[in-house]
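User: Hi! I'm new to reading protein structures, and I'd like to learn how the labels are justified. Could we go through this one together?

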There are 2 protein chains.
Amino acid sequence: MRQLDTLFSPRSIAVVGATEGRLKWGSIIITNIVDGGYRGKVFPVAKNRDTVYGIPAYKSLLDIPEKIDLVIITTPASTVMEILEECVRKGVGDIVLISSGFSETGDEGKAMEDEVIRYARAKSLNIVGPNTMGITNTKISLYATGSHVRAGRGGISIIAQSGNVGNQIMIWAEQENIGVGKFVGSGNEGILRCEDYLEYFSEDPDTSVILMYLEGVDNGREFLEIARRTTLKKPVIALKAGRTALGSRAAASHTGAMAGSFEIFRASMRQSGIIIAQTPTELLALSSAFDSMPLPKGNRVGVLTLGGGWGVITADECEERGLVLPPLPEDVYSAMDKMLPSFWSKGNPVDLVGQPDINIFRKSIEVMAASDAFDAIVFLGVIGSFKMGLRCTTAAQRMIDPSLKDSPEIRGIVEDMQRQFLDNIIGLIEKYDKPIYPVALVHFKEDDIIHIKEGSRYKVIVYKTPEEAVLCLERQYRYAQYLKNQERRT
Amino acid sequence: MRQLDTLFSPRSIAVVGATEGRLKWGSIIITNIVDGGYRGKVFPVAKNRDTVYGIPAYKSLLDIPEKIDLVIITTPASTVMEILEECVRKGVGDIVLISSGFSETGDEGKAMEDEVIRYARAKSLNIVGPNTMGITNTKISLYATGSHVRAGRGGISIIAQSGNVGNQIMIWAEQENIGVGKFVGSGNEGILRCEDYLEYFSEDPDTSVILMYLEGVDNGREFLEIARRTTLKKPVIALKAGRTALGSRAAASHTGAMAGSFEIFRASMRQSGIIIAQTPTELLALSSAFDSMPLPKGNRVGVLTLGGGWGVITADECEERGLVLPPLPEDVYSAMDKMLPSFWSKGNPVDLVGQPDINIFRKSIEVMAASDAFDAIVFLGVIGSFKMGLRCTTAAQRMIDPSLKDSPEIRGIVEDMQRQFLDNIIGLIEKYDKPIYPVALVHFKEDDIIHIKEGSRYKVIVYKTPEEAVLCLERQYRYAQYLKNQERRT
């Protein structure tokens, strides 16, 4: 296994090609590192400058008087060999090679890349790229990518064979407050390949879930073997692009990798326990589900809804994904019958027929979660209803006193109610060791989709749609089944 | 055809069952109407109160000294017949029957509903419901639903057989700033059925696109016949729930309607020119696409991307949906070759290989849009890149002066750049009468997804993902084909 601790957790970094030319990689990278809050030492290397953004610059790596853990290179392809030689002389073994102009640009670039590869192999260098978007390690606030994205800290680590797709995933994570561990754009994979990162993340204690965007894998057999071992330890969620003829042609022209037969490769990925996503958004949704909740022990789902229509949509989604909605057992039935109006649905999905009482929500969810008849609970329409209710109350008050303004105090109380309700859901997940998927009546833009309770092992995700919740539930169920089957075999 | 102008555009409304009990429908509805800004007259009818929220109340409809266009009833099922008789005596023909406790609750309720239906037929009453979420007409700021949702004005009119699903669609529209025309929750469809609303909306000049959430249709033949006529005039987007055995069982217990054979019905819907959505989110995404852009004349797509990976994903999505990416014609090729670095992709998708120059974006998109080789353009990664670029610049400035704060002025300039860029896209859509689908590099929470340019016929939607853009493009293409085939037949 490649030892990548120094690469991802360097105590000092030199940026070769650092510049104040705002649109250049040499500026974007160094500003991202410093402005992102990296606490280690940063050394700009610039041929024609004494300082870069006020930081003393060096003409060459060899001029830097201190030890360097990581070198990030942003200068043109033709300059790279010389810099690598300096790295070796300086005793640096970890390099992020941002520079483009290698194999992705044609024969001449390919020849330069081959030279880099030969040299790196001979000197046992860890090189990310060339043509990479860079790396991130949120734990040490190291944001060394070509885009100033600042995803927060968390357990999802990302390997992306396309910098742009990886970057977009990181931006979504930032916007939705989904925590990320490490990120690497694997670029042309001259030296370090996606399977190396996969293997490293499989042992990384700060990584709980691995997310991959793949276009093509050079050594399929080795990749799948590493994947098989990794998925026994932690979930791996992957999107394999190039699933159509058009897509794989586009992939070939993009990374130069042979896309191969998609169907066969995808089947092999599944057999290795990899969880397959269809789209980049699915990648992130699945990763955060796996990062947040326990796996369901079976496929029996209890559904609660504030309104019938949603129950129908959810039942459709469940059936299509091989999940079942068993009838309510006697004890659940009678407990519900005591709480709800006589015309409740009397079946699964349980339609709470618009009851606005928060205690009934809470109790009904617990009754379902406590029952051995269900492996997972989906409940629809409660989250967001507090704030919607507040709108009604405020409107009523405004009718009496038209000068009335929104009260931040009352808003705070309502937000607390929702927080407590979600805290309680986390409590139920822990108590019954069973996943619970809330789907919001309305997800307000200002609200986070992930709810965290201090000191809890699990988190809860507020889904925007039933289809997304059921997708995540299904994949968690399949992965649980996979692990069970593997255990049986050994 | 049912004449529903008075129902949706009343000049005066009586709310029977008006109350100040905050969680009651009689309070939620009247506060929603008044607080929502309805300009007509509102008369509370309340047995035991002289005023409701300060508005003079009447003991009975018959006590109101003025003409009433619309009566909204929120009192229990058992009181409804008497109120309907008062409506008739008062000369009111349009009623929104919020009250539940009818056929959805069992035999007794069914008997009451039958009585209402018989009476309404005899007296030719237009009744929405019973058991309806209510109605909305944004044009006159009439928000008469059980949830204080305030979607803005627009051309999408909504028919929902589930109040909750309809409500959620409206909330999404509100949150995303997607304009809505009229909304109706059809409830139990005792008198007015979804086909009546469909027929009315087909003639409604304020409705440009019709969105339907369906669980079951009583008179399939009539519904399809009306749909066939309507889709020749304007797009109808529908989600038919209950597509699995589980789902249709849930639907039956919810609305009591027979779900019937889903596959057959869906095929018939398609043959009637209805555009089918799979999920509620698709419903809204498709509706706003149809409401915003011209239809593509064929299935030939030109793709531009700021980074290769996205091009691959987009090519995959296109091929799976029956769209093609033709090679670049000679003139487009040479125009691009002049603008772009030598290692550009030289094919479709056109990879702009990370060029940060806004003028190159603009010119490349126009070169593609102008070409007869393409019926539609998808471009990826430009929107949002201005603000991301600003982050880099700000970080650079902060390195020189750490006390530097975000400058609202510079932010304003950057936002203007993006606005002008999107205005230009609308210009291209109009100039070449061809849809253009931008997919954002990053969609910031505070940004709207729909961009409007004063005085323009078209709008532009900023997609969050390639898959959503391609889905909309595909459905717009299929609908265009449908219309072409229908024309040929006549």
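User: How many salt bridges are there over all chains?

Analyst: Good place to start. This is a predicted model, and the count over all chains comes to 56 salt bridges.

User: What makes B:Lys67 and B:Asp69 a salt bridge?

Analyst: Set the distance against the cut-off. A side-chain nitrogen of Lys or Arg has to lie within 4 Å of a carboxyl oxygen of Asp or Glu. For B:Lys67 and B:Asp69 the N to O distance is 3.0 Å, so the pair meets the rule.

User: And are these two buried or exposed: B:Lys67 and B:Asp69?

Analyst: One of each! B:Lys67 has a relative accessible area of 60%, and exposed means over 50%, so the label is "exposed". B:Asp69 is at 5%, and buried means under 20%, so "buried" is the right word there.

User: Why are B:Asp114 and B:Lys110 said to be about one helical turn apart?

Analyst: Because both sit in helix 4 (residues 107-122) of chain B, four residues apart. Their side chains meet in a salt bridge at 3.1 Å, N to O.

User: Why is B:Asp114 called partly exposed?

Analyst: Its relative accessible area is 27%. Buried stops under 20% and exposed begins over 50%, so a value in between is called partly exposed. B:Lys110, at 39%, is partly exposed too.

User: How do you know that B:Glu176 and B:Lys464 form a salt bridge?

Analyst: The N to O distance between their side chains is 3.1 Å, and the rule asks for within 4 Å, so they qualify. This pair links distant parts of the chain, with the two positions 288 residues apart: B:Glu176 is in helix 5 (residues 163-176) of chain B, and B:Lys464 is in the loop between strand 20 (460-461) and helix 16 (466-489) of chain B. B:Lys464 counts as partly exposed, with 30% relative accessibility.

User: What makes A:Lys139, A:Lys182, A:Asp204 and A:Asp206 one network?

Analyst: They are joined by salt bridges that share partners.

User: How many salt bridges are there between chain A and chain B?

Analyst: Four. One of the pairs that meet this way is A:Asp35 with B:Arg398, at 2.8 Å from N to O. The rule also finds 20 residue pairs in polar contact across this interface. On the side of chain A that touches chain B, several helices give two or more residues, including helix 2 (25-35) and helix 14 (385-400) of chain A. Helix 11 of chain A gives the most, with eleven residues.

User: How many residues take part in the contact, and from which chains?

Analyst: There are 82 residues from chain A and 82 residues from chain B. The area buried between the chains is about 6,600 Å², and carbon and sulfur atoms give 60% of that.

User: Why is strand 1 of chain B called mostly covered?

Analyst: Five of the five residues in strand 1 (residues 12-16) of chain B are buried. B:Ser12, B:Ala14 and B:Val16 point one way, while B:Ile13 and B:Val15 point the other way.

User: Which strands pair with strand 1 of chain B?

Analyst: Strand 2 (residues 41-45) of chain B pairs with strand 1 in the parallel sense over five bridges, and B:Val15 has B:Pro44 as its bridge partner. Strand 5 (residues 70-73) of chain B is also parallel to strand 1, over four bridges; there B:Ile73 stands opposite B:Val16.

Conventions. Residues numbered from 1 in each chain as written. Chains lettered and ligands numbered in written order. Predicted model: local features only at pLDDT ≥ 70, side-chain atom pairs only at ≥ 80, totals over all residues. Heavy atoms only, no water. Buried < 20%, exposed > 50% of the residue type's maximum accessible area, 1.4 Å probe, protein only. Pairing = 2+ DSSP bridges. Contact = heavy atoms within 4.5 Å. Buried area = accessible area lost by both parts, 1.4 Å probe. Polar contact = N/O pair within 3.5 Å; in protein donor to acceptor, adjacent residues only side chain to side chain.
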